[in-house]
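Work through the exercises below with the model open. Each task is followed by a stepwise solution.

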Amino acid sequence: MDLALFYYLLLGFAVLMYVVLDGFDLGLGILYPWFRSEGERDHMMRSISHVWDGNETWLVFGGVVLFAAFPAAYAGILASLYTPIIIMLIGLIFRGVAFEYRFKSHRSKPWWDKSFWLGSTVATFCQGAVLGAVVQGVDAAPAEQGALAWLSPFSIFTGFALMVAYALLACCYLVLKSRDRMLARAAHLGRRLVLIVMAILLVLSLWMVVANSEVSDRWFDGLNFLWLSPLPLMSVVLGVLLYRDLDGEPHETRPFWLACGVFLLGFGGLVVSLFPYLIPHQLTLWQASAPDSSLKFLLPGILIFLPLICAYTLWGYRIFSGKVEDFEEGY
């Protein structure tokens with residue numbers, strides 16, 4: 001296989017794993033204002049206490065792959081997007097500190113709740129805004145445009161869109177990990193979010209097609225739409241099934257996997273729209289890739305550490321599978 005294409009697929013895998021795994025993690029912080037009692041918030045934090053830091057491994061892994069395998073894309077993206085990336089990292093620090101201090105505090109607990117909510121919300125918005133800015137095409141000369149050149153109507157919309165999507169994933173995770181009243185509330189909120197997420201996917205799809213002639217050609221030139229139509233059609237089917245499963249007596253395990261399926265199809269549609277570009281209109285994956293000698297040098301490390309990361313992730317989720325019990329103290 002072409003090594004550049006291999007690392008492109010590997011980067012996509014890392015991004016998808018991060019979005020799904022850290023998505024429900026960040027989404028629980030976004031949902032905090034809808035769960036106001038201390039017991040409910042303890043339950044939410046306890047449900048992810050065993051996985052939240054491991055989930056962020058995929059962010060580091062994806063950054064390493066981008067830096068090592070596609071240095072030109074790494075330089076172009078970071079040069080334009082330092083501001084939202086730094087703000088995102090500050091948000092992740094705030095929520096990480098909140099995890100460590102919230103269970104040990106008493107009078108200051110409301111402040112750590114705010115830290116967890118604000119850090120999760122800001123980090124998610126910045127991730128969505130970065131995605132929107134990259135899809136639109138980052139500026140090759142960011143210094144001439146200023147620190148806020150990445151802000152645009154599209155990137156702001158994608159920032160809020162990702163917040164809603166992560167919140168939906170978090171609701172489905174709570175259905176998986178909770179019981180009784182908590183489960184019912186998460187399902188009720190998730191049902192509303194399903195409708196919003198499906199509307200957002202439609203708006204984003206139309207926006208990209210109208211704003212970008214290359215994306216329009218990719219989907220509608222010749223018989224392309226016939227071959228690509230399973231992606232939007234399956235998204236609609238999964239959305240309908242997810243909405244149905246989050247009813248008065250929700251199915252406990254299936255909603256989470258259906259939500260992951262919606263994320264997977266949305267991500268697949270994005271890759272189809274932009275391939276082979278890493279920076280749209282500027283750099284393809286082959287133009288951005290490192291020399292073959294560097295890609296070959298990285299390969300042994302990838303083949304060793306990727307299975308290890310996957311193994312301890314699966315093991316951690318297997319060990320802590322099942323419902324969260326609220327009689328435990330701390331985490």
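**Exercise 1.** Which residues form one aromatic cluster with Phe24?

*Solution.* Note at the outset that the model is predicted. Start at Phe24 and collect its cluster partners: Tyr173, Phe256 and Trp257. Set this cluster against the full search, which finds 19 aromatic pairs in the whole structure.

**Exercise 2.** Classify the ring pair of phenylalanine 154 and tryptophan 207, and place both residues in the chain.

*Solution.* A pair of aromatic rings is described by the distance of the centres and the angle of the planes.
- Step 1: the centres of phenylalanine 154 and tryptophan 207 are 5.2 Å apart, within the 6.5 Å cut-off for a pair.
- Step 2: their planes meet at 80°, and over 60 degrees counts as edge-to-face, so this pair is edge-to-face.
- Step 3: phenylalanine 154 belongs to helix 8 (residues 153-177) and tryptophan 207 to helix 9 (residues 180-211). With their positions 53 residues apart, the pair links distant parts of the chain.

**Exercise 3.** Repeat the analysis for phenylalanine 157 and tryptophan 207, then assign the accessibility of the residues in both pairs.

*Solution.*
- Step 1: the distance from centre to centre is 5.7 Å, and the planes of phenylalanine 157 and tryptophan 207 are at 45°. That angle is neither under 30 nor over 60 degrees, so the pair is tilted.
- Step 2: phenylalanine 157 is in helix 8 and tryptophan 207 in helix 9, so this pair ties together parts 50 residues apart in sequence.
- Step 3: phenylalanine 154 has a relative accessible area of 5%; this is under 20%, so the residue is buried.
- Step 4: tryptophan 207, at 29%, is partly exposed. Phenylalanine 157, at 26%, is also partly exposed.

**Exercise 4.** Where does the charged end of arginine 191 sit?

*Solution.* Find the ring of tyrosine 243: the charged end of arginine 191 sits over it, 3.9 Å from the ring centre. Then turn to lysine 114, which lies over the face of tryptophan 111 at 5.5 Å from the ring centre.

**Exercise 5.** Describe the second largest pocket and its lining.

*Solution.*
- Step 1: the space in this pocket is about 500 Å³.
- Step 2: 22 residues line the second largest pocket, and Leu21, Phe24, Phe256, Trp257 and Tyr317 are the closest to its centre.
- Step 3: helix 1 (3-30), helix 8, helix 13 (254-274) and helix 15 (292-319) each give two or more residues to the lining.
- Step 4: sorted by class, the lining has 15 nonpolar, 5 polar and 2 charged residues.

Methods. Residues are numbered from 1 along each chain as its sequence is written. This is a predicted model: local features need pLDDT of at least 70, side-chain atom pairs count only at pLDDT 80 or more; totals for chains, interfaces and linings use all residues. Side-chain values use heavy atoms; hydrogens and water are left out. Rings of Phe, Tyr and Trp (its six-membered ring) pair if their centres lie within 6.5 Å; planes under 30 degrees apart count as stacked, over 60 as edge-to-face and the rest as tilted. Helices (H or I, at least four residues) and strands (E, at least two) are DSSP runs, numbered from the N terminus. Buried means under 20% relative accessible area, exposed over 50%, partly exposed in between (1.4 Å probe, protein chains only). A charge sits over a ring if NZ of Lys or CZ of Arg is within 6 Å of the ring centre and within 35 degrees of the ring normal. On a 1 Å grid over the protein atoms alone, a cavity is a set of points where a 1.4 Å probe fits but cannot get out, and a pocket is an open set with protein on both sides within 12 Å along at least five of seven lines; lining residues have an atom within 4 Å of a point. Grid points are joined across faces, edges and corners, and a volume is the space filled by probe spheres set on the points. Ala, Val, Leu, Ile, Met, Phe, Trp, Tyr, Cys and Pro count as nonpolar, Asp, Glu, Lys and Arg as charged, and the others, Gly among them, as polar.
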